[in-house]
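Visitor: I'm new to this one and would like a close look at a single part. Could you pick out the ring pairs and walk me through what surrounds them?

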Amino acid sequence: MSRDAHLFGPGPKRILALDGGGVRGIISLAFLERIETLLAARAGREARRGGGPAAPPFRLGDYFDLIGGTSTGSLIATGLALGFSAGQLIAMYLTLARQGFRGARWHGGILIPKFRTRPLVELLKRQIGETTLGSAQLLTGLAIVAKRLDTGSVWVFHNNPRAPYFDPAERDPQAVPNRDLPLVNLVRASTAAPTFFAPERIEVARGVSGVFVDGGVSPHNNPSLLLLMLAGIEGYGYRWPLGAENLLLCSVGTGEQPVTHDPAALTAATSATVALHALTSTMNDCKWLNQALLQWIGVCPTLWPIDSEIGDLSDDRFGGGAFLHYLRYDLLLERRWLDRTLGLTATDRELAALAQMDRPEQVERLLELGRAAAAVQVQDMHFPTRFDAVANTGAGAGPA
């Protein structure tokens, strides 16, 4: 199935939204590995029932019509849209964790980025090459979320040919068409977490460059609500019909550790420490606001409790109807949750290390926990058969 068939063909639509989270992105890949296995088995059964020739290897890019992500989620989304399997991306991620997160020779805390940019870019180029956002190599819709710091605006780079800035020759002759932007630069922009990596400069108009940083420093580190808006708002050009029968949105997290601080310690903390905690808390607030809204307006078989006052919103429905079929998978890095949900144990010290976004030595353990959570959470019944792709044609095996 071609990109345009995914974006503009008839029938229900499917969106995959991937959170930011640094090296914890491998948790998302564990969930995606499980989803891919379940959907591939279903596609194989349908192919055998049809009696036709053997289908090419199943990829999540065959199933989802739009795959989008923020930060580390943008890297995974790009790989999936290019036809990589979840297993290939896990292998790539293990390499990226070991080689892409190389410390700068002189790291000055908030003064100098912690990691060097060149090793990350070299790894990305080996996997993505010179592919642009408008390339026919992209099997399906792709959206990459970044923050343009010099104007304070959220940008969503996406490959919808009907979008205003995909090829804006008539609208704005001076603008650089989004279709011509290299994916390496867009992924670098979306993953440029402040203090971890240097910002990325991208020419957005002739002679005008924007300074882009990690999309996680916006309300859209979890890009689910933004991708729903992308699909349904007139100006973006998709114009997909809403409704639980028409639209499936699957959101995958990168793990979370519930945060509590000692009041006395916070009161005595430096202003910089308080500001850092406040920023982290704001990002967490945005995540849970997105989650509450999507559970409120959607049919959701994977409900998460929002807080002790409103619960999981299972008895609530916005306007009496549902805008989408919504799924959310994630892992809590919390001792009681791991024991109760997965039957696994971990110390508070280990969990504190696992919760960090910049600890590449933790990727194997994160993958183990992600796979355990995926085996419990992800169920075949979560993906109603009405959303199955009509055909599995034109799929590629992805780069070797």
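Guide: There are 9 aromatic pairs in this structure. One of them joins tyrosine 63 to phenylalanine 64: it is edge-to-face, with the ring centres 4.9 Å apart and the planes at 80 degrees. Keep in mind that you're looking at a predicted model.

How covered up are these two? Tyrosine 63 has a relative accessible area of 3%, and phenylalanine 64 has 0%. The cut-off for buried is under 20%, so tyrosine 63 counts as buried and so does phenylalanine 64.

Now set that beside another pair, tryptophan 296 with phenylalanine 318, which is edge-to-face with 4.9 Å between centres and 85 degrees between planes. This pair ties together distant parts of the chain, 22 residues apart: tryptophan 296 belongs to helix α10 (residues 271-297), while phenylalanine 318 sits in the loop between β8 (298-299) and β9 (324-329). At 32% relative accessibility, tryptophan 296 is partly exposed. Phenylalanine 318 is partly exposed too, at 36%.

Back to tyrosine 63, which has further company. Ring pairs gather Tyr63, Phe64 and Phe383 into a cluster. On top of that, the charged end of arginine 14 sits over the ring of tyrosine 63, 5.4 Å from the ring centre. You'll find another such arrangement at phenylalanine 8, where arginine 162 lies over the ring face, 3.6 Å from the centre.

Histidine 6 is worth a stop here, since its list of contacts includes both Tyr63 and Phe64. You'll find histidine 6 in helix α1 (residues 3-8), and it is buried, with a relative accessible area of 1%. Its side chain reaches the backbone oxygen of glycine 61 at 3.1 Å. Setting aside residues up to four places away in sequence, histidine 6 also touches others, among them Met1, Lys13, Asp62, Asp65 and Trp240. Leu139 and Thr140 are on that list as well.

Follow the chain on from Thr140 and you come to strand β3, residues 141-148. Here 8 of the 8 residues are buried, so β3 is largely enclosed by the rest of the structure. Both faces take part: Gly141, Ala143, Val145 and Lys147 point one way, Leu142, Ile144, Ala146 and Arg148 the other, and all are buried.

Which strands pair with β3? One is β2 (residues 66-70), which runs parallel to β3 over 5 bridges; glycine 69 has isoleucine 144 as its bridge partner. Another is β4 (residues 153-158), antiparallel to β3 and joined to it by 6 bridges. There, lysine 147 is bridged to valine 154. The hairpin of β3 and β4 has 4 residues between the strands, and its glycine 152 takes a positive phi near 65 degrees. Then there's β6 (residues 208-214), also antiparallel to β3, with 3 bridges; in β6, phenylalanine 212 is the bridge partner of arginine 148.

To recap the part you asked about: tyrosine 63 and phenylalanine 64 make an edge-to-face pair, Phe383 belongs to their cluster, arginine 14 is over the ring of tyrosine 63, and histidine 6 touches Tyr63 and Phe64.

How values were computed. Residues numbered from 1 in each chain as written. Predicted model: local features only at pLDDT ≥ 70, side-chain atom pairs only at ≥ 80, totals over all residues. Heavy atoms only, no water. Buried < 20%, exposed > 50% of the residue type's maximum accessible area, 1.4 Å probe, protein only. Helix = DSSP H or I, 4+ residues; strand = E, 2+ residues; numbered from the N terminus. Pairing = 2+ DSSP bridges. Phe/Tyr/Trp six-rings, centres within 6.5 Å; stacked < 30°, edge-to-face > 60°. Lys NZ or Arg CZ within 6 Å of the ring centre and 35° of its normal. Polar contact = N/O pair within 3.5 Å; in protein donor to acceptor, adjacent residues only side chain to side chain. Contact = heavy atoms within 4.5 Å.
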